Amino acid sequence: MKRFLLSLSLTLSLFALMCAPLPLTQFSGTQAAALGEEKRYVLIYHSQSSVPKNAENKVVQMGGQVVNRLDEIGALVATSANPNFAAEISKADAQISDVAEDLILPMIPSPERMGVEAMGDGPVEAPGDDTQTGSEPFYRFQWDKKRMRASNQGSYAVQQGRPDVFVAVLDTGADILPIPHQDIRPNLDVARSRSFVGSVPAGGDPNPAAWDDKNGHGSWCLSAVGAPINGRGMSGVAPRVRLVALKVLNDAGNGSLVWLAQALIYAGVNKFDVASMSLGAYLQHSNQNSQALIKLVYRAVNF
């Protein structure tokens with residue numbers, strides 16, 4: 001399996017996990033249990049590349065049900081209403097390395113929080129060389145591209161990316177419905193875009209209605225990477241690459257590290273060249289549940 005580039009757009013501290021400080025709101029199975037609902041668990045096995053053949057039977061014996069297999073990284077996702085499921089399955093199966101309760105975490109700042117932070121008193125940097133030009137109507141506002149010399153005088157004159165290079169953006173999806181975003185659609189691989197939000201198969205949900213972006217953050221990230229030079233809107237840093245939208249955050253910007261791991265596996269299986277993520281969450285390093293979730297994502301990244 002070819003290794004692919006991993007781009008973390010904010011800071012390369014995967015388990016800090018990035019973004020401005022967010023309250024650690026966890027919509028976990030603990031709350032669900034109070035309502036008599038099942039919890040979701042991640043079972044991580046000692047083998048990093050397979051799941052034991054009898055694993056599902058042992059899950060059932062402990063009062064659980066397997067809802068997803070992540071064989072590529074040696075993990076299962078299961079649900080159970082048994083309040084002692086984690087302890088009992090760990091004791092019953094010596095092939096299990098870790099068990100974690102799946103958590104839904106805020107992974108991008110809310111629009112309200114971004115508005116507050118934008119009004120801070122931090123230092124203001126120069127917008128870059130205004131003599132650089134681009135063909136797009138909004139290029140004059142793209143100070144970031146000017147600073148990187150992604151311009152007619154800079155990288156665009158040398159290399160604009162190639163359509164055989166695929167960049168998967170793991171975020172809130174892409175603005176595709178009811179009318180596809182005109183500055184994303186030309187470079188978007190609709191056939192291979194997926195949603196991993198919720199209880200979906202390991203390979204994701206291909207239905208555009210599932211990975212449509214109702215938040216906006218994912219569409220912005222896609223356009224920043226690969227909006228084409230087409231006389232509309234803005235241009236991406238690599239305006240000729242192919243884009244794949246992998247939805248791992250719901251419309252509120254919350255997500256599960258299981259969803260993230262599934263999308264990374266999908267990117268690896270499909271041999272995408274780059275996986276780009278502008279997201280993050282805070283986990284307590286000393287917490288055993290957090291350590292298990294961290295291990296899950298490390299395995300997915302390595303895969």
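User: What makes the contact between Asp98 and Lys295 a salt bridge?

Analyst: In this predicted model, the side chains of Asp98 and Lys295 meet at 2.6 Å, N to O. The cut-off is a Lys or Arg side-chain nitrogen within 4 Å of an Asp or Glu carboxyl oxygen, so the pair qualifies as a salt bridge.

User: Thanks! Which parts does the pair tie together?

Analyst: Asp98 belongs to strand S5 and Lys295 to helix H9 (residues 288–302), so the salt bridge ties together parts that are 197 residues apart in sequence.

User: Why is Asp98 called buried?

Analyst: Its relative accessibility is 15%, and buried means under 20%, so Asp98 counts as buried. Its partner Lys295 has 29%; that falls between 20% and 50%, so Lys295 is partly exposed.

User: And Lys247 and Asp251: what makes them a salt bridge, and is each one buried or partly exposed?

Analyst: Their side chains meet at 3.1 Å, N to O, and the limit is within 4 Å, so the salt bridge counts. Lys247, with a relative accessible area of 4%, is buried, whereas Asp251, with 35%, is partly exposed.

User: How do you know that strand S2 is largely enclosed?

Analyst: Happy to explain: six of the seven residues of S2 (residues 39–45) are buried, so the rest of the structure largely encloses this strand.

User: What makes S2 and S5 a pair?

Analyst: Five bridges join S2 to S5 (residues 96–101), and pairing needs at least two, so the strands pair, running antiparallel. Leu43 stands opposite Val99 in S5.

Terms used:
Residues are numbered from 1 along each chain as its sequence is written. This is a predicted model: local features need pLDDT of at least 70, side-chain atom pairs count only at pLDDT 80 or more; totals for chains, interfaces and linings use all residues. Side-chain values use heavy atoms; hydrogens and water are left out. Buried means under 20% relative accessible area, exposed over 50%, partly exposed in between (1.4 Å probe, protein chains only). Helices (H or I, at least four residues) and strands (E, at least two) are DSSP runs, numbered from the N terminus.
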